[in-house]
Amino acid sequence: MSEVAIIGVGCVGFRPMTPELSYKELMFEAAVKAYEDAGGINPREDVDIFVACSEDYLEGFSIFDEFVPDQLGAALRHLFTVTGDGMLGLAAAYMLIKTGQFDTVVLEAHSKASDILTYTDIVQFGFDPIFNRPLGGHPYYVAGLEMTRYLYETCTTEEQCAQVVVKNKRNALLNPHAAYGANITLDQVMHSEKLFHPLKKLEISTPADGCIVMVLASEKVAEKLTDKPIWVKGVGWCTETPSLETRDWTRAVYTRLAAEMAYKEAKITNPWRDIDFAEIHDLFAYKELQHMEALKLCDYGEAGKLTEDGLTSLNGEFPVNPSGGLLGMGYGLEASGLQKVLEVVIQLRGEAGARQIDDAEVGLAHTWRGIPTATGVVAVLSKVK
Amino acid sequence: MSVKIKHYPGEEIETQDFREGKVLFESFKPKAKYAWSAGIAISRFLEELKNGRILASTCSKCKRIMVPPRIYCEKCFKPTDGWTYVKDTGTINTFSVSFIAADASRLKEPIVVAIINLDGASEGMGIVHWLNEYGDWREIKIGMRVKAVWKPPEERVGAITDIKYFKPIKE
Ligand SMILES: [Zn+2]
């Protein structure tokens, strides 16, 4: 079975808003960059399948799939949409190449968050209509519920969660793709407005616009087109029950099981030792800690201490979210997963400039589909085949 | 009910039972509002509609004149190279005559929607719009020549409805 490589990446954004470009123009720009980065491929001839990722309600279109082909060079070509996070699309693209039937697959995910005027209501539309929606309120109270239970069970402190924000926003200052880099203090985070106790305003990622396109290829094609392929060594995904009434509120089980699936394939037995750094979904600051634990980077309840001690900072033993995370880059909705994969690719190629992690060889990308979901995807990427 | 089947098992319910709340159900009206950025190509297109002109973009490779305009040629996958105007006259590519409205109520006058290949644009490119002043709808034919009827300049807002409709012309 062929190995699978990411051979090209293109990113536009992320920015708080992009009123000057339509979503199509945003996608075109990212696609042009990705094809150029992949050795100058021509999508009209050199691509076997296109995989686009979008959720109709975030776009404001029914069957958004149909609006995708032209700007990717996919008109009258073979395309399908994954209605989910970009990393679910990565899993699909990976499997397509593994079948041996396809050599070159293009993957796309974007966010035009600034086009959504009623973001809160759209998020709420994902809630169970019988049990949860009638209660109303801002849907992010679900994060408050989870953080409360997480802190209670793991003895993680609010300061340790706040430390994630300080770290990520600082990393973001070094990332040209980041919209919300900042030099802030722990005190500022701790004293920012409490929005969904114990969750504070600065601990919540702000949406941003952007688009990421990637080109994946089989070994055969990858080695012909590029001298810097990044290999996908394993992918895993998992979904917990949607029921807020019965799900696990502490351990992000969906991420644990997704990680086990990916690690098994990538032959990772000790993630902290076998992997050099990670890009982890941090829509809310505590989620980075909770996800670190679910990803087996440490025991339950240990992530806060590791963060406080600086082990996950850019120069630490195991950097987490060198990109600045979603707290620093901006929350790219269904593109979140590809924001993670993008940074892992850039780091493994050694192209991360001022935020480059020394000797990075194996990286981990992780995503979550946000409130109110319990779906996670994990991928292990490597510089070495 | 048929001759053979006189009764279905279970309890029969009527519309009235729903109205009276005897049958439980949940209803929800989503608040879904969007404001899509028109972007480079469509912004220019809409601006020009205000001026009573139809804008197209051109590709130097496949030599197409494309309307509605875009900043990339989807055929050649390259940025477009220029802008040009096409005429507000054209030919009916295909059409349909609707006798009922969106809510399935019968219309007094049918609504005719046509795909119009615009003069000056490349083969098979143009606009979707209403057709009016056609007399008897049975007289509408593929290949018929049509022209835009514009709203007066002061009423135009930069929308596709700045053109009121297209009407048949004799040449
Ligand atoms: Zn062309």
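This passage describes the contact between chain A and chain B and the internal cavities of a predicted model.

The interface was examined first. On the side of chain A, 36 residues take part in the contact, and on the side of chain B, 22 residues do so. Between the two chains an area of about 2300 Å² is buried, with 64% of that area given by carbon and sulfur atoms. Within chain A, the residues that lose the most area to chain B are A:Glu25, A:Phe28 and A:Asp115, which together account for 25% of what that side buries.

Polar interactions across the interface were then counted. One salt bridge is found between chain A and chain B. This salt bridge joins B:Lys31 to A:Asp121, and the closest N and O atoms of the pair are 3.5 Å apart. Polar contacts link 13 residue pairs between the chains, counted where both residues have pLDDT 80 or more. Several helices of chain A supply at least two residues each to the side that touches chain B, namely H1 (23-37), H2 (43-46), H3, H4 (69-72) and H6 (119-124). H1(A) gives the most, with six residues. By class, the side of chain A that touches chain B consists of 19 nonpolar, seven polar and 10 charged residues.

Enclosed space was considered next. A search of the whole structure returned two cavities of 30 Å³ or more. The largest cavity has a volume of about 100 Å³. Its lining is made up of 15 residues, of which A:Glu146, A:Arg247, A:Tyr254, A:Lys287 and A:Thr373 are the closest to the centre of the cavity. Two helices of chain A, H7 (141-154) and H13 (285-294), each supply at least two residues of this lining. The largest share, three residues, comes from H7(A). Nine residues of the lining of the largest cavity are nonpolar, one is polar and five are charged.

The second largest cavity holds about 40 Å³ of space. The residues that line the second largest cavity are A:Glu55, A:Leu58, A:Glu59, A:His110, A:Ser111, A:Lys112, A:Leu333 and A:Glu334. In chain A, helix H3 (56-59) and strand E4 (104-111) each contribute at least two residues to this lining. By class, the lining of the second largest cavity comprises two nonpolar, two polar and four charged residues. Helix H3 of chain A thus appears in both parts of the description: H3 supplies at least two residues to the side of chain A that touches chain B, and at least two to the lining of the second largest cavity.

Conventions:
Residues are numbered from 1 along each chain as its sequence is written. Chains are lettered from A and ligands numbered from 1 in the order in which they are written. This is a predicted model: local features need pLDDT of at least 70, side-chain atom pairs count only at pLDDT 80 or more; totals for chains, interfaces and linings use all residues. Side-chain values use heavy atoms; hydrogens and water are left out. On a 1 Å grid over the protein atoms alone, a cavity is a set of points where a 1.4 Å probe fits but cannot get out, and a pocket is an open set with protein on both sides within 12 Å along at least five of seven lines; lining residues have an atom within 4 Å of a point. Grid points are joined across faces, edges and corners, and a volume is the space filled by probe spheres set on the points. Helices (H or I, at least four residues) and strands (E, at least two) are DSSP runs, numbered from the N terminus. Ala, Val, Leu, Ile, Met, Phe, Trp, Tyr, Cys and Pro count as nonpolar, Asp, Glu, Lys and Arg as charged, and the others, Gly among them, as polar. Contact means heavy atoms within 4.5 Å. Buried area is the accessible area (1.4 Å probe) that two parts lose on being put together, summed over both. A salt bridge is a side-chain nitrogen of Lys or Arg within 4 Å of a carboxyl oxygen of Asp or Glu. A polar contact is a pair of N or O atoms within 3.5 Å; within protein, one must be able to donate a hydrogen and the other to accept it, and residues adjacent in sequence count only if both atoms are side-chain atoms.
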